[in-house]
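Could you walk me through this model in the viewer, one selection at a time? I'd like to know what to click on next and what I'll find there.

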Amino acid sequence: MALVEVEDLNVWMAADGRSVHAVKDANLTLEAGGQHAIVGESGSGKSTVLLALMGLLPPNATVSGKVFVDGVDVLRGSEAALAALRWRTASMVFQSSSNPFNPVRTVRSQIVAALRLHGRGKAEAERRARDLFDMVRLPSECLGYYQHQLSGGMRQRAAIALALACQPKLLLADEPTTALDPIVQAEIIGLILSLRRELDLALILVSHDLALVGHLEGSLSVMLRGETVEQGPVREVMAAPRHEHLRSLIAALPDFALASASSEVPA
Amino acid sequence: MSTRTSYLAGKVRVAAFGVFATLTLNFFLFRVLPGDAVSSMARVPDGSVELKEALMRQFGLDKSLWGQYLDYLAQLAQGNMGVSYASLRPVTGEVLAALGNTVPMTLLGIALAILVGTTTGVVAAWRHDTLVDSIISNVATVIYSAPTQWIAIMLILAMAQYLPVSGASDPFAFAADAWSVAIDRLKHMILPSLTLALATFGQYTLVTRSAVLATLGDDHVAAAKAIGFPVRRILTGYALPNALIPIVTLGALSAGTVVGGSVVVETVFSWPGIGRAMYDSIIQRDFPMLQGALLVVTVAVILINLAADIVNMKLDPRIVE
Amino acid sequence: MSPVEPTALGGLDASNAPAWNPGRALGPKLVVAIVVLASFALVALVGRFLNLDPGAIDVAHIFQPPSMEHWLGTDDAGRDIFMQLIIGAWPSLVVGLSAAAVAVLIGGTVGILAGYSRGWLDLVLLRVMDYFIVVPALPFAMVITAVWGPGLGHMILVIAILLWSTTARVVRAQVKSGRERLYVIRARMLGASHLHVLLRHILPQALPLIGTTGSLAVALAILTQAALEFFGLAGTAVLSWGSMIRFAFQRDAMLNGAWWMVAPPGICICIVITACYWLAQCLETALNPRLRTTDLRVRSFRVLAVSRGER
C-alpha cells in the first residue's frame, strides 16, 4: 500500500444554510518519499484536501470516499489511530500568515511540548529542539523568543522545525510561502525541498503559484472549484495541458519564470 | 528589555497620579459638602461661640483651605487619618479593624465566584452552542440579574435554622479556645460569602466563556489539535492562558468589592466590615471616618489594579510591544 | 492575532469589523426579551395611570401567605402585595431607563470626544473615566444622595454619574480604532471637516455599540437603584420593587417567614434585568462577525458511509 491513498474524496461544506461542494472526486496516490503538488486558486479546494488528509476538517464538513495515510483509515478508523498519526506520521506547515505557536509561551516550549507528547524525555526534547533549529538554519537563541518577535520568514522556519520534530513520514505544506517577500519565499521553498531530500520525506505542497510548482519533481494536480482538472507527472502535465484553465495559467506565466525555475533554488 | 520597564514605569506613574488625585479629591469632597462639620462633631447645635471656636482650633478648621490641605497631607504621611466623630477613636485603627473583618469574608466569596465562574465559562466555551452552554450561560445571567440584597434575604429565609445570619462571631461565646472561635467565625462567614459568590460569579462565567471562545479560533489552537494534543490539554495549556487577561482584568475590578466590602451584604448580615462602616459614617456625618475609609479603599483598588497590570504583562508578552 | 476583548456581557469586542448583521440577532432569545420588556412596560403604565390601591391597613391580616383573595399574600400591614408589585413597576423601570439614557448620552459624548481627539483632551478625559471606575460605587452614590436629598430625579442623576464611564470607555475604544481607518484618513485628506467625519463615519459605527452598552446600562441602573432604595436613599414616599425589598427587610419579613413579601419584587427585577441582558447579547451577536472556532475533538467532521460514497 502506498503511503497516501485518496480515493473518490468528496467534501461538502455547510455555511449559512447552503452547502458548497468543496472537493469533487479527488484521487491521489503517493509513495513514501514521493512528492506531489496541488495548484489552484482560492476556493479551489486544495487546502481542504490537505485538511482531509489529517482529519482536521471542521464540524460543518461532510466527507465521503476513502483516505488512507500509512495504512490508517483517516475517515473511519479509530480516533486513537488518528491521534497517533498526527505529527508522528504526518505533519503540517501552515500558511505563512498564520501563527501556529502559543503566543504566550516561547517557541522552544511548543516544540518541546510536541516532542514530549509523542514520547521524548525532557532533556532529549531540548536537544532535539536545538538540532531542529540548526536544520532550518535558525540561531538557537531564537528558541527563547516569542512568536511575535520573529519575522515572517523566521516564523516559517520555526514552523518547519516544529513540523519535522517527530520525524514524520509525510509533510503537508499549505501555501507555506504566500505573504512572504520573494527572496524569503525562495529560501523557504528551497529549505523545504532540500529537507525533503535529506530526510527522505513524502511531501504534498499546496500553492496558488504555478511558477513555484511548475518545475518540481513528482506529480502535480490542478484544481478548479473543487474539481481536479489535471493530474499526472509534473513534466507531462505542464507540457500537454488538457484543460483550458491550465493552459491560461501557463500562458500567464512570465517568460523567465519557467526558464529559471529549472535551476536549483538556493536552500 | 527596556520596553518592559518603560511600560511598567508608565503604569506606576498612572497609579501614583491616581493615588495623589484620590487624596486631593477626597480632601475637597468633604470640605465642600454642606452640613456643618463642627455641629455634627460637637453634637451641641447650640454650643457657645467659645466652644465652637475651641473645637475649630482643635480640629484645625480655622485655617485656610490650603492650610488644612497641607495639614491633611502631613498627617497622612504619619498614618494619622484623624479621629472619628462618632466613636472618638482614631480613624486609622477603626478602618484597619473593619478591613480585618471584611477581607476574609469577601475574599472567600470572590474566590468562590472566580472558581465557579471560570470553570463553568471554560466548559460553556468548549461546548459552545450546545444545551450545556445554554444552561450555563443563561443560569449565570439569571442569577447575576438578581439584586444582591434579595439573594441575601432569600438565603436567610432558607437557611436561618441552620446557619448564623448575623454578625461576624457569636457575641455570647466565652469559651475562648482558638479552634471553636475559628469555627464559629467560619460559620458566620458562610452565608455572607455565599451571597457574594452567587451575586458575582455570573460575570466571570460570561467573560471567561467569550474569552476562551475567542482563543479557540486562534491559529495556535488549530495547530495544537493538528499536533495531536488531547482536548483537556488544549483547553488548559493553549486556550485558557491566552484567555486569562480579560479574566484578570475582571478580577481587578472585583478587588473593589474585596477591599471595599459589599455594603449590601454587610448590612443584611450585620457584618462589622468596612462597607458598613462607610455607610454608617455617611448616616452619622462622621467625615473623618468616611474620608479615611474611602481613601484606604480607593488607594487599595488603585494598587490592586497596578498589580493586575503587572500580572497581565507577565501573562501576555505582546502587551508591552 | 491580538487579544480580543470581551465586553461585560460576555460578548466580544470586535472593534475591527463592526458589520451590522441583524439577521444573526433574530431568534427565540430576542423575541422573549422583547416580549418580556414590553409586558412589564405595559404593567408599569397600568400601575402608573390607573389609580390602584394596595388596600388600607388591615391589621387583622398581616403577613398572610398567598391565597385566592391576595394572590401574593399581604405585607406587615395587611396590604396586598400583588397590587404593590404593579404600582411599584413604574418607578422601578422609569428610573432605570432614564438613568441609562443619561449615562449613555454623557458616556457616548465623552467617549466620542476622547476617542477622536489626540492630545491632552483624551488624556484628561481618560483619567476622569478611570477615577469613576476606581471609586467604590455604592458609597460614592450614597454620599451624593445623602447630600442632595431623596427623590427620583436625584437618583436618576446619581446612577447616571456612576454608569457613564463604562459606556465612555467602550465608545472611546471604538472611535479610536475607527479614526485610524483608511476611509476616514482619506476623507480628511479630501478636506472633510472634523464634524463631517464625526457625523458620517464615526457615529454610525459607534451607534450599534451604544445600543448594547445602553441595554447593559439599563440593567445596571435598575440594580443600583434597588441597592440605593434598599438603604432608604430614595425617600420613603416612593413605592418601588427595591423599596418593597427594603420594607421586607426592615419589617422583619424574615423573622415571620414571609417569603412572599421578598420573593416577588426580587423575581420581577431579576426577570427584567435578564431580559435586558438577553437583548444586549442579541444585539451583540448582530454586531460581531462570526468568529471561527476549532472543534477540539479528534474527529469533528461528518463521514458518509462507504456505500453512499461509491459511484
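Here is a tour by selection, starting with one whole chain and then moving to smaller stops. Keep in mind throughout that this is a predicted model.

**Stop 1: chain C as a whole**

Select chain C and color it by secondary structure. You should find 10 helices and three strands. Going from the N terminus, the order is β-β-α-α-α-α-α-α-α-α-α-β-α. Chain C has 311 residues, and 52% of them count as buried. Now turn on its surface: about 14300 Å² is exposed, with carbon and sulfur atoms supplying 68% of that. As for contacts between residues at least 6 apart in sequence, 75% of those in chain C join residues at least 24 apart.

**Stop 2: a salt bridge in chain C**

Stay in chain C and show the side chains of C:Asp76 and C:Arg251. They form a salt bridge, with the closest N and O atoms 3.8 Å apart. This pair links distant parts of the chain, 175 residues apart: C:Asp76 sits in the loop between helix H1 (28-49) and helix H2 (81-116), while C:Arg251 sits in the loop between helix H8 (241-250) and helix H9 (259-287) of chain C. Both ends are partly exposed, C:Asp76 at a relative accessible area of 21% and C:Arg251 at 31%.

**Stop 3: helix H4 of chain A**

Next, select residues 122-135 of chain A, which make up helix H4. How far apart are its end C-alpha atoms? They are 20 Å apart, which agrees with the 20 Å that 14 residues should span at 1.5 Å a residue.

Now pick out the buried residues of H4(A): A:Ala125, A:Arg128, A:Ala129, A:Leu132, A:Phe133 and A:Met135. Look down the axis of H4(A) and you'll see these buried residues fall within an arc of 150°, so they line one face of the helix. The general rule behind that kind of pattern is that an α-helix has 3.6 residues a turn, so residues three or four places apart point the same way.

What do the buried residues of H4(A) pack against? Show helix H3 (107-117), helix H5 (152-164) and helix H6 (182-199) of chain A, and you have the partners. Then flip to the other side of H4(A), where A:Ala123 and A:Asp134 are exposed. Before you leave, click on A:Arg137, just after H4(A): this residue takes a positive phi of about 60°.

**Stop 4: a buried tryptophan in chain A**

Still in chain A, jump to A:Trp87, in the loop between helix H2 (79-85) and strand E6 (90-93). A:Trp87 isn't a glycine, yet its phi is positive, at about 75°. Is A:Trp87 buried or exposed? It is buried, with a relative accessible area of 1%.

**Stop 5: the nonpolar patch on chain B**

Switch to chain B, show its surface, and select B:Leu112, B:Leu115, B:Val116 and B:Leu194. Together these make a nonpolar surface patch of about 310 Å². Helix H5 (residues 91-126) of chain B gives the most to the patch, with three residues. B:Leu194 comes from helix H8 (residues 178-216) of chain B, and B:Leu194 is partly exposed, with a relative accessible area of 31%.

**Stop 6: two salt bridges in chain B**

Searching the whole structure turns up 20 salt bridges over all chains, and two in chain B are good ones to click on. Start with B:Lys11 and B:Asp309, whose side chains meet at 3.8 Å, N to O. B:Lys11 lies in helix H1 (residues 2-31) and B:Asp309 in helix H13 (residues 287-315) of chain B, so the pair ties together parts that are 298 residues apart in sequence. Each is partly exposed, B:Lys11 at 28% relative accessible area and B:Asp309 at 23%.

Then try B:Asp280 and B:Arg276, a salt bridge at 3.9 Å, N to O. This one stays inside a single helix: both residues lie in H12 (residues 274-283) of chain B, four residues apart, about one turn of the helix. B:Asp280 is partly exposed at 30% relative accessible area, as is B:Arg276 at 24%.

**Stop 7: one last loop**

Finish on B:Ser270, in the loop between helix H11 (263-268) and H12 of chain B. Its phi is near 50°, a positive value in a residue other than glycine. At 28% relative accessibility, B:Ser270 counts as partly exposed.

Methods
Residues numbered from 1 in each chain as written. Chains lettered and ligands numbered in written order. Predicted model: local features only at pLDDT ≥ 70, side-chain atom pairs only at ≥ 80, totals over all residues. Heavy atoms only, no water. Buried < 20%, exposed > 50% of the residue type's maximum accessible area, 1.4 Å probe, protein only. Contact = heavy atoms within 4.5 Å. Areas by Shrake-Rupley, 256 points an atom, 1.4 Å probe, with all protein chains shown as cover. Expected span 1.5 Å × (residues − 1). Arc of directions from axis to C-beta. Patch = residues over 30% accessible without salt bridge, like charges linked within 9 Å, V, L, I, M, F, W, Y side chains within 5 Å. Salt bridge = Lys/Arg side-chain N within 4 Å of Asp/Glu carboxyl O.
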